[in-house]
Amino acid sequence: MAVDPSPLGRAIRAARAEQPPGWVDLAESIMARVRRVVVPSEPILTFTEQGTSARDEEGSETYVSARVVSAALRRLLQQHPTHAPDNIELHVDEGRLTGIDIRLVARYGVELHPLADTLRPQILDIVRDLLGPAPGLDLSAIEIEYVDVSRGDPNRT
Amino acid sequence: MRAARLGDQEAFREIVDRHGPAMYRYALHMVGDASDASEVTQEAFVSAWRSLSGFAGRSSLRTWLIRLVHRRAADLQRNRRATPIDDGLMSRLTPAAPDNPLQSVLDAELLEALQLALNELPWHQRATWLLREVEEMSYEEISIALAMPIGAVRGHLYRGRRTLAERMARWR
């Protein structure tokens, strides 16, 4: 393609090549503001090893934000190149976690059913670490749906 | 993108690093002031972070981000008065010569002249010209980013090109 020698043509080439000064500092400022953004999130009740929500004789209770649970599950599901989380939905009823819906993207060629069977106990372990043994929350409360398949590591797409 | 939508800040940082320089450059050319452009770009990215989970993917991520920047730049512009161009500036500048070792200096002067000429363009002409000529977006992408019909994009671009060519011809 012929190079446009006009002043405007030269200005366009210069503008395309321009690296705006101050970008590095601005990127840091953007991320600092992003980290300060508080996303509304539902509180989820935790349970003691005895299966009760009361922490003392006065019935004090402890809650963990749904955002914390989702972030922990996201990190778990990002660990391997065979799959990546597409969506994590927590079902909370009157403060209690009642179900978890996970949407996954799998790498092409991965055995889907065995992968889901491997992930469910890991997901439940994470949830129990954070919330304790919530009554009624077992493997059957964890739904895994594959929504896409990718050629490479789906964590990189 | 997928991880950022789920709240992964490191993944969002990759989006900032990949698309941020172009967004900031667009904001700079649109509002003409580094401080305002920084604010516009920051607000656009914070908005993107808040609403990324709702990004449906009907356009490319880049087009969506440019749209966020454009909206905030437009908000800023509504509260401003136009700055008249210094017509004497372009005649004072030295035209560029091929293989000139001072090319980078000349490029800086050329860009300054371009910015002054852009400042005089009506808002939509400036936006369509920048997105087409500098950011090299398609008519369809510009149409989505600026929320205007493709025919209007073509019209604004035609008029913007003509005006800028006349303005910048003084450099010959």
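The legends below describe close-up views of a predicted model with chains A and B.

**View 1. The open sheet of chain A, built from strands 3, 4 and 5.**
In chain A, three strands are arranged in the order 3-4-5 as an open sheet with mixed pairing. Strand 3 and strand 5 of chain A are the edge strands, each of them pairing on one side only, and from one strand to the next the twist averages 15°. Strand 3 (residues 83–93) and strand 4 (residues 96–107) of chain A run antiparallel and are joined by 10 bridges, whereas strand 4 and strand 5 (residues 142–150) of chain A run parallel and are joined by eight bridges. On the antiparallel side, His83(A) stands opposite Ala106(A) of strand 4, and Val92(A) stands opposite Leu97(A) of strand 4. On the parallel side, the bridge partner of Arg103(A) in strand 5 is Glu145(A), while that of Val105(A) is Asp148(A).

**View 2. Helix 4 of chain A against the sheet.**
The sheet in this view has the strand order 3-4-5 in chain A. Helix 4 (residues 112–131) of chain A packs on this sheet and touches strand 3, strand 4 and strand 5 of chain A, with its direction making about 130° with that of strand 5 of chain A.

**View 3. The surroundings of Leu97(A) in strand 4 of chain A.**
Leu97(A), a residue of strand 4 of chain A, counts as buried because it has 24 C-beta neighbours inside 10 Å, the cut-off for a buried residue being 20 or more. When neighbours within four places in sequence are left aside, the contacts of Leu97(A) are Ile44(A), Leu90(A), Val92(A), Val127(A), Leu131(A), Ala134(A) and Leu137(A). Among these contacts is Val92(A), the residue that stands opposite Leu97(A) in the pairing with strand 4. Pro135(A) is 38 residues from Leu97(A) in sequence, and the two C-alpha atoms are 9.3 Å apart in space.

**View 4. The hairpin turn at Glu94(A).**
Strand 3 and strand 4 of chain A form a hairpin with two residues between the strands, and within this hairpin Glu94(A) takes a positive phi near 50°. Glu94(A) is found in the loop between the two strands, and its phi is a positive value in a residue other than glycine. Because Glu94(A) has 6 C-beta neighbours inside 10 Å, it counts as exposed, the cut-off for an exposed residue being 12 or fewer.

**View 5. The kinked helix 2 of chain B.**
Helix 2 (residues 9–31) of chain B has 23 residues, yet its end C-alpha atoms are only 28 Å apart, short of the 33 Å that a straight helix would reach at 1.5 Å a residue. A kink of about 50° lies at His19(B) in this helix, shortly before the proline Pro21(B). The buried residues of helix 2 of chain B include Phe12(B), Val16(B) and Gly20(B), together with Met23(B), Tyr24(B), Arg25(B), Tyr26(B), Ala27(B), Leu28(B), His29(B), Met30(B) and Val31(B). Just after the helix, Gly32(B) takes a positive phi of about 75°.

**View 6. The contact between chain B and chain A.**
Chain B brings 36 residues to the contact and chain A brings 31 residues. On the side of chain B that touches chain A, the elements giving two or more residues are helix 1 (2–5), helix 2, helix 3 (34–51), helix 6 (103–120), helix 7 (123–134) and helix 9 (150–168) of chain B. Helix 2 of chain B gives the most to this side, with 10 residues. By residue class, the side of chain B that touches chain A divides into 21 nonpolar, six polar and nine charged residues.

**View 7. The all-helical chain B and the loop residue Glu136(B).**
The secondary structure of chain B comes to nine helices and zero strands, and buried residues make up 40% of its 172 residues. Of the contacts in chain B with a separation of 6 or more, 65% are between residues 24 or more positions apart. In the loop between helix 7 and helix 8 (139–146) of chain B lies Glu136(B), which has a positive phi of about 55° although it is not a glycine. Glu136(B) counts as exposed because it has 11 C-beta neighbours inside 10 Å.

Technical notes. Residues numbered from 1 in each chain as written. Chains lettered and ligands numbered in written order. Predicted model: local features only at pLDDT ≥ 70, side-chain atom pairs only at ≥ 80, totals over all residues. Pairing = 2+ DSSP bridges. Helix = DSSP H or I, 4+ residues; strand = E, 2+ residues; numbered from the N terminus. Axes fitted to C-alpha atoms, helices over the stretch in contact; angles between N-to-C directions. Contact = placed C-beta atoms within 7 Å. Expected span 1.5 Å × (residues − 1). Bend = angle between axes of the 7 residues up to and from the residue. Nonpolar A, V, L, I, M, F, W, Y, C, P; charged D, E, K, R; others polar.
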